[in-house]
Amino acid sequence: MQILQELSVQNGPLCVGLDTDPSYIPENIVRNYPSKAEAVLDYNRKLIAAVVRDKSACCFKVQIAYYEAMGLEGLKAYAQTIRAVKESGLICISDIKRGDIAATAGAYARAHFTGDFETDIITINPYMGFDTLKPFTEYCTKAGKGIFVLLRTSNPGMVDIEQQELKSGKRVLDQVGDELERINTEMKATYPDQTCSPVGAVVGCTEESDARALRDAHKEIYFLIPGYGAQGGDARICATLMKEAGGTVNSSRGILCAWKKDEGLKSKVEDGTVTMDDIVASAATAAIKSKEDLLSYR
């Protein structure tokens with residue numbers, strides 16, 4: 001997480017989400033590949049190279065669900081995408097949102113912090129209980145890995161659980177925040193010279209009052225910030241969340257599907273002559289514009 005914090009200062013706070021569904025690629029392009037998974041992988045690799053060239057992002061977030069949906073070939077593309085991100089020199093966040101009893105959580109931790117799917121940081125769902133976090137935090141201390149724990153998500157349904165009030169008067173998400181503070185206090189003993197704990201929080205940018213309150217409450221926790229762009233969150237709210245310890249702002253569809261709003265590509269899309277290089281260039285331009293938008297509010 002410390003490296004991610006430093007990269008977000010150097011390259012800007014953008015996280016490019018590689019939630020690459022095959023439907024995000026024009027059909028005439030996909031037909032040129034042996035499989036949808038191979039088309040997705042080529043798109044990912046070329047976009048990673050373009051983002052690194054432009055220094056438009058500090059990390060990539062790979063959402064595993066889109067790859068699982070393509071079966072075994074999809075999981076192969078998932079593993080190869082992670083490898084491509086790591087070879088690029090940027091940080092890879094694997095968006096897996098795991099959360100289960102301790103023994104199973106331990107298996108999930110091994111699966112994503114070692115072996116074919118080894119990554120730098122993963123997302124974790126704490127709502128089955130805080131004991132489910134321990135197998136993942138152990139990898140933070142012994143292997144230099146990181147986790148982002150769901151705190152305040154960006155979906156409308158978050159009110160069903162995260163916003164529910166407890167007998168103490170706190171909300172459920174506040175209880176999660178308290179536990180993250182406790183874990184981070186313990187982590188300081190392991191990382192006394194670092195400015196960023198390996199345990200961060202997922203905080204959506206779709207509600208300004210929550211953004212202010214959560215940043216004020218957790219000044220030393222680095223945030224992964226979803227909801228920017230396609231989900232309606234804006235750079236002004238992101239700027240609030242990026243204060244203090246900082247954060248990285250994810251954009252997925254807004255970048256991956258930028259070609260759909262690219263007037264310069266309209267005729268090529270309509271007549272079926274658009275190429276992979278065309279849509280990668282459009283996505284790369286969208287990433288640069290997103291970075292500029294986010295930095296304009298700092």
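User: How many aromatic pairs does a search of the whole structure find?
Analyst: Keep in mind that this model is predicted. The search covers the whole structure, and its count of aromatic pairs is five.

User: What is the arrangement of the aromatic pair formed by Tyr-67 and Tyr-78?
Analyst: The two ring centres are 5.7 Å from each other, and the planes make an angle of 55°. Planes under 30 degrees apart would count as stacked and over 60 as edge-to-face, so an angle that falls in neither range gets the remaining name. The pair of Tyr-67 and Tyr-78 is therefore tilted.

User: Which helices does this pair of Tyr-67 and Tyr-78 link?
Analyst: The two residues are 11 apart, and the pair links distant parts of the chain. Tyr-67 belongs to residues 64-68 and Tyr-78 to residues 71-88, which are helices H4 and H5.

User: Is Tyr-78 buried or exposed?
Analyst: Buried means under 20% relative accessible area. Tyr-78 has a value of 0%, so by that cut-off Tyr-78 is buried.

User: How many residues apart in sequence are the parts that Phe-113 and Tyr-139 tie together?
Analyst: Their rings form a tilted pair, with centres 5.5 Å apart and planes at 40°. Phe-113 is in helix H6 and Tyr-139 in helix H7, so the pair ties together parts whose separation in sequence is 26 residues.

User: Which residue lies over the face of Tyr-139?
Analyst: Tyr-139 is buried, with a relative accessible area of 12%. At 4.5 Å from its ring centre, over the face, lies Lys-142.

Notes: Residues numbered from 1 in each chain as written. Predicted model: local features only at pLDDT ≥ 70, side-chain atom pairs only at ≥ 80, totals over all residues. Heavy atoms only, no water. Phe/Tyr/Trp six-rings, centres within 6.5 Å; stacked < 30°, edge-to-face > 60°. Helix = DSSP H or I, 4+ residues; strand = E, 2+ residues; numbered from the N terminus. Buried < 20%, exposed > 50% of the residue type's maximum accessible area, 1.4 Å probe, protein only. Lys NZ or Arg CZ within 6 Å of the ring centre and 35° of its normal.
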